[in-house]
Amino acid sequence: QVQLVESGGGLVQAGGSLRLSCATSGFFLDYYFIGWFRQAPGKEREGVSCSSHNNGTTYYADSVKGRFTISRDNAKNTVYLLMNSLKPEDTGVYYCAAEPPSPAEIQTMCVLNAFTSWGQGTQVTVSS
């Protein structure tokens, strides 16, 4: 049974940093596609960053390129999202997700939110 539990959200001033963590269980993390998504109030959920598999292809939304970094620690079964230079528009609930490997392109999967297992989310609020 795939389980994902996010943590690390909170309130931060603009320009600050946060590192989100996603503890995973029930599957081999190094073989799975993983991703971080966010949903701002009144907006649709969007793909922030996704990774096809360990050391595989990585996608970042244009709005976070150069500021966010996705990574995974297979020994700890944990996925991370390091967020630097945070902006108020980064505010939202952040979700991690996992998907068994497939021939699909990771960018397409990320943009379409085409993941089947999801965590409960963690709130990130960036004040101006």
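Two strands are said to pair when DSSP finds at least two bridges between them, and that sense of pairing is the one used in this briefing on a predicted model. The points below follow strand 5 and its two partner strands, and then turn to Asp90 in a loop between strand 8 and strand 9.

**Strand 5 and strand 4**
- Strand 4, which covers residues 33-39, pairs with strand 5 in the antiparallel sense, and 5 bridges link the two.
- Within this pairing, Ile34 has Ser51 of strand 5 standing opposite.
- The two strands, 4 and 5, make up a hairpin in which 6 residues lie between them, and Gly42 in the turn has a positive phi of about 75°.

**Strand 5 and strand 6**
- Strand 5 also pairs in the antiparallel sense with strand 6, residues 58-60, here over 3 bridges.
- Cys50 has Tyr59, a residue in strand 6, as its bridge partner.
- Strand 5 itself, residues 46-51, is mostly covered, since 5 of its 6 residues are buried.

**Asp90 and its surroundings**
- Asp90 is found in the loop that runs between strand 8 (78-83) and strand 9 (92-99).
- Its relative accessibility is 1%, and Asp90 therefore counts as buried, the cut-off for that term being under 20%.
- The side chain of Asp90 is joined to the side chain of Arg38 by a polar contact of 2.9 Å.
- Leaving aside residues up to four places away in sequence, Asp90 touches Arg38, Arg67, Phe68, Ser85, Val124 and Val126.

How values were computed
Residues numbered from 1 in each chain as written. Predicted model: local features only at pLDDT ≥ 70, side-chain atom pairs only at ≥ 80, totals over all residues. Heavy atoms only, no water. Buried < 20%, exposed > 50% of the residue type's maximum accessible area, 1.4 Å probe, protein only. Polar contact = N/O pair within 3.5 Å; in protein donor to acceptor, adjacent residues only side chain to side chain. Contact = heavy atoms within 4.5 Å.
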